[in-house]
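Let's take a walk through this protein together. Keep the sequence and the 3D view side by side as you read.

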Amino acid sequence: KLDRIYDPSDKPPCRGCSSNLVEPYIKCAECGPSPFLLCLQCFTRGFEFKKHESDHKYEIMTSDFPVLEPGWTAQEEMALLEAVMDCGFGNWQDVAYQMRTKNKEECEAHYMKNFINNPLFSSTLLNLRQIEEARTADTAIPFKRHCSTRHSQRHRHSLFLFFC
Ligand SMILES: [Zn+2]
Ligand SMILES: [Zn+2]
């Protein structure tokens, strides 16, 4: 879904990590009336806060998704992100099945290159890890620190692998 509802100048920061949101970001479709917005990183790690739960319906907010690689259209980038969120990070077989236009190897290689092995993305992950460590006593973030628990839950897959 492409949306252009919020003016970037009055957009609130990410509710998870307080970073300035850059597109694409996630808007919870169930929380409101003030928009519950998450950056992609916080969304992928299953951030929950008060009434917001990680299995709420969501919209991907973007007006102009960059084309990261020739051969991948903006629509395919969005489809890949959605497929990874739906199927789980590492489940490339199902991701490719949902994508239809790209095979398993292409999905994995592209995701790893553009969304994981990406200096900008990695430094954000590092910041998140520090924030999470600083907040371990904070009950507002109901994450269990035990790996097998969080990995087994839908929407708590992906980037957590890198925190272990
Ligand atoms: Zn965030
Ligand atoms: Zn919500």
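## The sheet

Two bridges join β1 to β2, and these strands run antiparallel. (Strands here are DSSP runs of E with at least two residues, helices are DSSP runs of H or I with at least four residues, and both are numbered from the N terminus.) One of the contacts across this pair is easy to look up: Ile26 has Leu38 as its bridge partner in β2. On the other flank, β1 is joined to β3 by four bridges, again antiparallel. Here Lys27 has Glu59 in β3 as its bridge partner, and Ile26 stands opposite Ile60 of β3.

Put together, the three strands make an open sheet with the order β2-β1-β3 and antiparallel pairing; two strands count as paired if DSSP finds at least two bridges between them. Since β2 and β3 are at the edges with a single partner strand each, one side of each is left without a neighbour in the sheet. As a bit of background, strands of a sheet pair through backbone hydrogen bonds, either parallel or antiparallel.

## What you are looking at

Before going further, a word on the model: it is predicted, local features need pLDDT of at least 70, side-chain atom pairs count only at pLDDT 80 or more, and totals for chains, interfaces and linings use all residues. Residues are numbered from 1 along each chain as its sequence is written, while chains are lettered from A and ligands numbered from 1 in the order in which they are written.

The chain has six helices and three strands, and from the N terminus they come in the order β-β-α-β-α-α-α-α-α. Of its 164 residues, 28% are buried. (Buried means that 20 or more other C-beta atoms lie within 10 Å of the residue's own, exposed means 12 or fewer, and partly exposed is in between, with C-beta atoms placed from the backbone.) Now take the contacts with a separation of 6 or more: 52% of them are between residues 24 or more positions apart. A contact here means two C-beta atoms, placed from the backbone, within 7 Å.

## Two cores

Which residues touch the most other members of the largest nonpolar core? They are Tyr25, Ile26, Leu37, Leu38, Cys39 and Phe43, in a core of 15 residues. (A nonpolar core is a set of buried Ala, Val, Leu, Ile, Met, Phe, Trp, Tyr and Cys residues joined through C-beta atoms within 7 Å.) Two or more residues come from each of β1 (25-28), β2 (37-38), α1 (40-44) and β3 (58-61). There is also a second, separate core of 14 residues, with Val84, Phe89, Tyr111 and Phe115 among them. In soluble globular proteins, nonpolar side chains tend to be buried together.

Zoom in on β1 and you'll see Tyr25 and Lys27 pointing one way, with Ile26 and Cys28 pointing the other, and all are buried. Over in β2, leaving out residues up to four places away in sequence, Leu37 touches Pro12, Cys14, Arg15, Leu21, Tyr25, Ile26 and Lys27.

## A helix with a buried face

Now look at α3, which covers residues 92-99 and has Trp92, Val95, Ala96 and Met99 buried. Why do these line one face of the helix? Seen down the axis of α3, the buried residues fall within an arc of 95°, so they line one face; the arc is that of the directions from the helix axis to the C-beta atoms. What do they pack against? The answer is α2 (74-87) and α4 (104-116).

Right after α3 comes Arg100, in the loop between α3 and α4. Its phi is near 70°, a positive value in a residue other than glycine. Arg100 counts as exposed because it has 10 C-beta neighbours inside 10 Å.

## Some spots to find

Ser18 sits in the segment before β1 and also has a positive phi, near 65°. With 11 C-beta neighbours inside 10 Å, Ser18 counts as exposed. Further along, in the loop between β1 and β2, you'll find Pro33. The peptide bond from Gly32 to Pro33 is cis, with omega near 5°.

Last stop: Ser54, in the loop between α1 and β3. Ser54 has 19 C-beta neighbours inside 10 Å, so it counts as partly exposed. From Ser54 to Phe43 is eleven residues in sequence and 7.6 Å in space, C-alpha to C-alpha.
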